Amino acid sequence: MSQHPATALIAEDEPLLAQSLQAELAQAWPALRVLATVGDGESAVVQALKLRPDVLFFDIRMPGQSGLEAAAELVDEWPQELPFPALVFVTAYDQYAVQAFEAQAIDYLLKPVQTDRLQKTVKKVQLALAARAQAAINSEAPAVTQSLALDPVLSQLRHLLADTRSAPPATGPLKVLQVSVGSSIRMVPVGDVVYFEAADKYIRVLTAQHEYLVRTPLKELLPQLDAHSFLQIHRGTVVHAESIDAVHRDESGKLTLSLRKRPEKLAISRMYSHQFRAM
């Protein structure tokens with residue numbers, strides 16, 4: 001296995017902070033090649049998939065997608081045969097965020113980045129990359145090794161995403177949705193919904209016979225739903241558990257589910273496949 005200089009992608013929406021981090025990295029890790037710097041979560045995902053860096057430095061708070069959400073999407077989209085990059089989150093000081101990262105053993109940097117802290121992070125990442133490379137050399141089934149290495153990242157991101165979601169309303173789960181239909185407002189019982197699907201700034205609300213649009217981001221609606229009745233199966237899809245007919249696994253291991261009251265087959269992403277462990 002040939003060695004190559006480690007590569008990185010920086011996602012930071014403040015240009016001066018991005019430049020500062022790149023300059024600090026040049027001092028702490030001269031051999032590291034920063035392939036690109038982007039300013040939002042969506043671009044971070046696109047460029048990471050295109051460039052396939054060894055290390056990701058993701059700012060937590062960015063326009064649109066957060067660093068956590070971008071990392072979660074990247075986990076779903078990352079080629080199964082490739083090792084997932086080492087993840088380092090960059091955050092303004094927030095005691096809650098720091099405790100969450102430490103609890104999940106995900107490395108983080110506080111803004112502004114301190115030289116001694118960055119040096120510790122660099123050493124930690126270098127050791128992780130070296131261990132990963134050695135494991136790939138020793139393994140007769142690299143894809144299995146990479147899959148096992150991804151499991152802790154999936155678990156860590158699941159916990160972090162759950163911790164950052166809004167608390168459910170004190171009034172209890174949402175019972176009825178108000179949806180616009182022409183010049184009228186229709187009251188749709190949440191129990192009638194088969195699944196919700198994010199669509200730009202809207203949510204598609206699918207019942208057995210109808211489809212409605214609601215102008216509410218999915219991440220705002222999610223805490224209002226009964227967590228026992230509605231399962232998130234993809235970053236943009238939430239399904240009524242009682243509407244699931246069966247879960248299917250294809251030859252590559254990908255999961256899809258079929259519904260009792262609708263013909264669509266819905267993809268289950270890696271991030272949420274643990275809910276169907278019996279498969």
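## Exercises on a predicted chain

The secondary structure of the chain comes to seven helices and 15 strands, where helices (H or I, at least four residues) and strands (E, at least two) are DSSP runs, numbered from the N terminus. This is a predicted model, in which local features need pLDDT of at least 70 and side-chain atom pairs count only at pLDDT 80 or more, while totals for chains, interfaces and linings use all residues. Residues are numbered from 1 along each chain as its sequence is written, and side-chain values use heavy atoms, with hydrogens and water left out.

**Exercise 1.** Work out the order and the pairing direction of the five strands that form an open sheet.

*Solution.* Begin with the pairs, bearing in mind that two strands pair if DSSP finds at least two bridges between them. The order that results is β2-β1-β3-β4-β5, and the pairing is parallel. Next come the edges, which are β2 and β5 (107-111), each pairing on one side only. The twist from one strand to the next averages 20 degrees, with axes taken as lines fitted to C-alpha atoms, for helices over the stretch in contact, and angles running from 0 to 180 degrees between N-to-C directions. As a detail inside the sheet, β3 and β4 run parallel and are joined by five bridges, and Phe 57 stands opposite Val 88 in β4.

**Exercise 2.** Find which strands of this sheet are touched by helix α1 and which by α3.

*Solution.* Contact here means heavy atoms within 4.5 Å. Helix α1 (residues 15-28) packs on the sheet and touches β1, β2, β3, β4 and β5, its direction making about 155 degrees with that of β1. Helix α3 also packs on the sheet, touching β3 and β4, and its direction makes about 145 degrees with that of β3.

**Exercise 3.** Identify the residues that touch the most other members of the largest nonpolar core, and the element that gives the largest share of this core.

*Solution.* A nonpolar core is a set of buried Ala, Val, Leu, Ile, Met, Phe, Trp, Tyr and Cys residues joined through side-chain atoms within 4.5 Å, and buried means under 20% relative accessible area (1.4 Å probe, protein chains only). Of the 32 residues in the largest core, Phe 58, Leu 74, Leu 87, Phe 89 and Leu 157 touch the most other members. Elements that give two or more residues include β3 (55-59), α3 (67-77), β4 (86-92) and α6 (142-164), and the largest share, six residues, comes from α3. For one residue in closer view, Leu 74 is in contact with Val 45, Ala 48, Leu 49, Leu 56, Phe 58 and Phe 84, leaving aside its neighbours within four places in sequence. A second, separate core has 18 residues, among them Leu 25, Val 90, Val 122 and Leu 129.

**Exercise 4.** Describe the open sheet that contains β13, and explain why one side of each edge strand is left without a neighbour.

*Solution.* The order of the three strands is β13-β14-β15, and the pairing is antiparallel. Because β13 and β15 (265-268) stand at the edges, each with a single partner strand, one side of each is left without a neighbour in the sheet. Here the twist averages 30 degrees from one strand to the next. Five bridges join β13 (residues 244-249) to β14 (residues 255-259); Ile 244 has Leu 259 in β14 as its bridge partner, and Ala 246 has Ser 258. These two strands form a hairpin with five residues between them, where Gly 253 in the turn has a positive phi of about 95 degrees.

Technical notes
Buried means under 20% relative accessible area, exposed over 50%, partly exposed in between (1.4 Å probe, protein chains only).
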